[in-house]
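Work through the exercises below with the sequence and the model open. Each task is followed by a stepwise solution.

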Amino acid sequence: PPHPQPADATRGARVLPFPTPAPRDPLDGLNPAQREAVLHLDGPALVLAGAGSGKTRVLTTRVARLVQEHGVDPAQILAVTFTNKAAGEMRERIGRLLGYEPRGMWVGTFHAIGARLLRAHAHFVGRTASFTIYDEDDALGAVKRLFERHKIGLKELAPKSVLSAISDAKNALVPPREYAELAKDPFARTVSTLYAELEPVLRQANAVTFDDLLTLPVQILREQPQVLENYRRRFRYVLVDEYQDTNLLQARIL
């Protein structure tokens with residue numbers, strides 16, 4: 001579809017109180033290698049660069065240029081980074097380069113993006129949009145209740161080790177049924193039983209674990225082709241900071 005004009009991005013946007021009367025040229029001060037990365041327009045690009053070489057600056061400058069020079073609607077841009085602090089800095093830098101806060105752009109960590117997607121489509125995985133995100137203590141409490149159901153003593157098995165094994169399985173995209181087929185030793189067989197029962201417990205509580213913020217969006221995108229197609233059409237530009245740290249689950253989402 002044709003791009004809206006850059007001015008559309010400012011409609012209803014909150015004007016930021018920056019001292020400069022107008023945004024400066026995003027390319028100012030970039031070295032040749034940085035410029036090459038920023039000026040790349042369509043198609044995949046991988047930037048290899050060390051610490052302190054300006055990777056985040058390149059990414060934010062590229063976003064600003066997409067909006068400013070190519071008329072890309074900010075709502076068609078997804079920018080992913082690895083900490084909430086970095087995501088906040090990225091939003092601020094983009095706003096400074098543009099001179100206003102662009103509306104509709106998704107900027108956040110993998111887990112924040114996953115949570116946003118999940119709240120929009122929670123009904124596909126048996127939750128409502130107001131689901132609770134369990135921290136480690138909450139998740140351990142759920143596992144301990146399963147211990148009580150199966151009369152497993154805390155001295156014979158550590159709930160933390162079970163939760164860690166389930167977390168590893170989720171991050172490797174191994175569902176309970178497959179985990180049960182692979183379980184060969186007593187510990188793995190016990191984990192497989194608890195793993196299979198944990199999801200119904202979480203669903204009944206309208207809750208998700210931190211891992212579920214990634215696994216459940218993957219499940220939704222796999223099982224709901226129209227949802228997947230909608231996001232593929234919406235996000236024409238996907239930019240990822242620190243891609244070398246991406247695991248299988250995060251790569252699958254991308």
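**Exercise 1.** In which loop is the place of Asn206? Describe its backbone and its burial as well.

Solution. The model is a predicted one.
- Step 1: Asn206 sits in the loop between α8 and β4 (207-209).
- Step 2: The phi of Asn206 is near 55°, a positive value in a residue other than glycine.
- Step 3: Most residues other than glycine have a negative phi.
- Step 4: Buried means under 20% relative accessible area. Asn206 has 16% relative accessibility, so Asn206 counts as buried.

**Exercise 2.** Which phi does Leu173 have, and is Leu173 buried or exposed?

Solution.
- Step 1: Leu173 is not a glycine, yet has a positive phi of about 60°.
- Step 2: The residue belongs to the loop between α6 and α7 (176-182).
- Step 3: With a relative accessibility of 17%, Leu173 counts as buried.

**Exercise 3.** Describe the chain as a whole.

Solution.
- Step 1: The secondary structure of the protein chain consists of eleven helices and five strands.
- Step 2: The C-alpha trace spans about 70 × 35 × 35 Å along its principal axes.
- Step 3: Of the 254 residues in the protein chain, 43% are buried.

**Exercise 4.** At what angle do the axes of helix α5 and helix α8 cross, and what is the hand of the crossing?

Solution.
- Step 1: Helix α5 covers residues 136-149 and helix α8 residues 186-204; their axes come within 10 Å and cross at roughly 120°.
- Step 2: Angles of 65 to 115 degrees count as roughly perpendicular and those over 145 as roughly antiparallel. The crossing therefore makes α5 oblique to α8.
- Step 3: The crossing of α5 and α8 is right-handed.

**Exercise 5.** How many salt bridges does a search of the whole structure find? Place three of them in the chain.

Solution.
- Step 1: The search finds seven salt bridges.
- Step 2: One of the pairs is Glu242 with Lys55, whose closest N and O atoms are 4.0 Å apart. This pair links distant parts of the chain: Glu242 is in the loop between β5 (237-240) and α11 (248-253), Lys55 is in helix α2, and the two are 187 residues apart. Glu242 counts as partly exposed at 27% relative accessibility, and Lys55 is partly exposed with a relative accessible area of 21%.
- Step 3: A salt bridge also joins the side chains of Arg127 and Glu199, at 2.5 Å from N to O. Arg127 lies in the loop between α4 (110-120) and β3 (132-134) and Glu199 in helix α8, so this pair ties together parts 72 residues apart in sequence. Arg127 counts as buried, at 5% relative accessibility.
- Step 4: Asp212 forms a salt bridge with Lys170, with 2.7 Å between the closest N and O atoms. Asp212 is in helix α9 (residues 212-223) and Lys170 in helix α6 (residues 159-171), 42 residues apart. Asp212 and Lys170 are buried.
- Step 5: Arg127, Glu199 and Arg203 are joined into one network by salt bridges that share partners.

**Exercise 6.** Which residues make a nonpolar surface patch of about 540 Å²? Place Leu48 in the chain and classify its exposure.

Solution.
- Step 1: The patch is made by Leu46, Leu48, Val238, Tyr243 and Leu254.
- Step 2: Leu48 is in the loop between α1 (32-39) and α2 (55-70).
- Step 3: Exposed means over 50% relative accessible area. Leu48 counts as exposed because its relative accessibility is 74%.

Definitions and conventions: Residues are numbered from 1 along each chain as its sequence is written. This is a predicted model: local features need pLDDT of at least 70, side-chain atom pairs count only at pLDDT 80 or more; totals for chains, interfaces and linings use all residues. Side-chain values use heavy atoms; hydrogens and water are left out. Patches are made of residues with over 30% relative accessible area and no salt bridge: like charges are joined within 9 Å, nonpolar side chains (Val, Leu, Ile, Met, Phe, Trp, Tyr) within 5 Å. Accessible areas come from the Shrake-Rupley method with a 1.4 Å probe; for residues, only the protein chains shown count as cover. Helices (H or I, at least four residues) and strands (E, at least two) are DSSP runs, numbered from the N terminus. Buried means under 20% relative accessible area, exposed over 50%, partly exposed in between (1.4 Å probe, protein chains only). Axes are lines fitted to C-alpha atoms, for helices over the stretch in contact, and angles run from 0 to 180 degrees between N-to-C directions. Angles under 35 degrees count as roughly parallel, over 145 as roughly antiparallel, 65 to 115 as roughly perpendicular and the rest as oblique. A crossing is left-handed if the near helix is turned anticlockwise from the far one by less than a right angle, and right-handed if clockwise.
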